[in-house]
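Got your viewer open? Load the model and follow along; each stop says what to select and what you will find there.

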Amino acid sequence: MKIDFNEIEEMTIPCMNSGTGMMTARMYHDGKYRIIAASVHPGGSIGLHAHPSGDDINYILSGSGKAVCDGREEELKPGILHICPKGSEHSIINTGSEDLVMLTIVVAG
């Protein structure tokens with residue numbers, strides 16, 4: 001299966017999941033997979049939310065930030081893979097001066 005994110009319309013999302021600031025994203029969803037190429041802009045965050053349908057896997061491509069998963073903080077930087085397990089809740093915060101760019105994959109379980 002090939003997914004061309006260049007063909008998916010980019011969305012600008014303010015205060016994602018009651019977070020702060022802005023993010024831009026291209027989202028693919030087919031009922032089994034949800035794959036998101038996203039940039040959380042400086043000062044922005046994805047608010048605390050749960051993942052009842054499957055593990056939420058976030059691979060950091062550039063920028064810096066932190067994830068808070070079930071109350072535990074983890075540093076995010078390029079090359080880090082953050083997993084929020086199914087049934088857990090997390091938030092992602094851009095702590096840097098550049099976009100926090102990541103690829104998120106959620107597989108329905």
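Start with serine 18, which counts as exposed because its relative accessibility is 71%, over the 50% cut-off. The model you are looking at is predicted. Serine 18 sits in the loop between strand 1 and strand 2. Check its backbone while you are there: phi is near 65°, a positive value in a residue other than glycine.

Now step back to asparagine 17, in that loop between strand 1 (11-14) and strand 2 (22-29). Its phi is also positive, about 50°, although asparagine 17 is not a glycine. Is asparagine 17 buried, partly exposed or exposed? With a relative accessible area of 34%, asparagine 17 is partly exposed.

**The six-strand sheet**

Follow the loop back into strand 1 and select proline 14, which belongs to that strand. Leaving aside neighbours within four places in sequence, proline 14 is in contact with Gly21 and Met22. Try a distance label next: the C-alpha atoms of proline 14 and isoleucine 46 are 9.5 Å apart, with their positions 32 residues apart along the chain.

Strand 1 pairs with strand 2 in the antiparallel sense, over four bridges. To see one of these pairings, pick isoleucine 13 and look across to methionine 23 in strand 2, its bridge partner.

Then widen the selection to the whole sheet. Six strands make up an open sheet with antiparallel pairing, in the order 1-2-3-10-5-8. Strand 1 and strand 8 are the edge strands, each pairing on one side only. On average, neighbouring strands here are turned by 25° against each other, direction ignored.

Cross over to the other edge. Strand 8 pairs with strand 5 in the antiparallel sense, again through four bridges. Which residue of strand 8 is the bridge partner of tyrosine 59? Select leucine 81 and you have it: leucine 81 is the partner of tyrosine 59.

Show the side chains of strand 8 as sticks. His82 and Cys84 are on the covered face, while Leu81 and Ile83 are on the uncovered one. In a regular strand the side chains alternate between the two faces of the sheet.

**Cysteines**

Stay with cysteine 84. At 0% relative accessibility, cysteine 84 counts as buried. Where is the closest cysteine sulfur to that of cysteine 84? It belongs to cysteine 69, 3.6 Å away and so too far for a bond, given that a disulfide needs the sulfur atoms within 2.5 Å. A search of the whole structure finds zero disulfides. For another cysteine, go to cysteine 15, which counts as partly exposed at 40% relative accessibility.

**Serine 88 and the four-strand sheet**

Go next to serine 88, in the loop between strand 8 (81-84) and strand 9 (89-94). Is serine 88 buried or exposed? Serine 88 is buried, because its relative accessible area is 9%, under the 20% cut-off. Show what surrounds serine 88: leaving aside neighbours within four places in sequence, its contacts are His49, Ala50, His51, Cys69 and Asp70.

From that loop, move into strand 9 and colour the second sheet. Four strands form this open sheet, in the order 4-9-6-7, and the pairing is antiparallel. Its edges are strand 4 (45-50) and strand 7 (72-76), each pairing on one side only. The twist averages 15° from one strand to the next.

Zoom in on strand 6 (residues 65-69), which pairs with strand 9 in the antiparallel sense over five bridges. For a residue pair to highlight, take glycine 65, which stands opposite asparagine 94 in strand 9.

**The largest pocket**

For the last stop, turn on a surface. The largest pocket has a volume of about 250 Å³. Of the 17 residues lining this pocket, those closest to its centre are Met16, Asn17, Ile36, His49 and His51. Which elements give two or more residues to the lining? They are strand 2, strand 3 (33-40), strand 4, strand 5 (56-62), strand 9 and strand 10 (100-107).

Two familiar stops meet at this pocket. Asn17, with its positive phi of about 50°, is one of the residues closest to the pocket centre. His49 and His51, also among those closest to the centre, are contacts of serine 88.

How values were computed
Residues numbered from 1 in each chain as written. Predicted model: local features only at pLDDT ≥ 70, side-chain atom pairs only at ≥ 80, totals over all residues. Heavy atoms only, no water. Buried < 20%, exposed > 50% of the residue type's maximum accessible area, 1.4 Å probe, protein only. Contact = heavy atoms within 4.5 Å. Pairing = 2+ DSSP bridges. Axes fitted to C-alpha atoms, helices over the stretch in contact; angles between N-to-C directions. 1 Å grid on protein atoms, 1.4 Å probe; cavity = no way out; pocket = protein on both sides within 12 Å on 5 of 7 lines; lining within 4 Å. Points joined across faces, edges and corners; volume = space filled by probe spheres on them.
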